[in-house]
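Colleague: Please take a close look at the aromatic side chains of this model, and then set out the sheet in the same detail. I would like the cut-off behind each term as you use it.

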Amino acid sequence: MATKVGSSMIARRIETALVVDDCSVVRMLNTKLLSILGLKVSSAKDGVEAVAMYEIGEGNFDLIVMDLEMPRMNGIEATTELRAMGVDCMIIGATACDDVSRRQRFMEAGLDRLFNKPLTIANLQSCLN
């Protein structure tokens, strides 16, 4: 990922990731895929946990993989909150939802990319390159 500073781009190496999903199987799968790609991975079971990690200073990730549909705080709410807190890492969404307006709201919340579930190595590699 590159970060724009002034008129130049500075490459940011992606080494750490946070997987946010209420389904333990999906968290495990996405964690495994990211680990295969060489990332150090942490996880949260919903948006509340993800936001709390940043609030207490435990959130310092290069990449967040965010589910759309979660209890307590969904992906739209969590992404909006994280961006409002100044979180500027890459956030990619993952969803099985096919509602175009809901997907658009998810993107508008501050996602960098949005993929259909299940994520693949190819999806994730395209974000890391």
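Modeller: Y54 is buried, because its relative accessible area is 14%, where buried means under 20%, exposed over 50% and partly exposed in between, with a 1.4 Å probe and protein chains only. F61 also counts as buried, at 11% relative accessibility. This is a predicted model, in which local features need pLDDT of at least 70 and side-chain atom pairs count only at pLDDT 80 or more, while totals for chains, interfaces and linings use all residues. Residues are numbered from 1 along each chain as its sequence is written, and side-chain values use heavy atoms, leaving out hydrogens and water.

A search of the whole structure finds one aromatic pair (Phe, Tyr or six-membered Trp rings with centres within 6.5 Å; planes under 30 degrees apart are stacked, over 60 edge-to-face, the rest tilted). Y54 and F61 form that pair, edge-to-face, at 6.2 Å centre to centre and 65° between the planes.

Turning to the sheet, five strands (DSSP runs of E, at least two residues, numbered from the N terminus) form an open, parallel arrangement in the order β4-β3-β5-β6-β7, where pairing requires at least two DSSP bridges. The edge strands, β4 (40-44) and β7 (113-116), each pair on one side only, and the twist averages 20° from one strand to the next (axes fitted to C-alpha atoms, angles from 0 to 180 degrees between N-to-C directions). Strand β3 (residues 16-20) is joined to the parallel β5 (residues 63-67) by four bridges, and V20 stands opposite M66 in β5.
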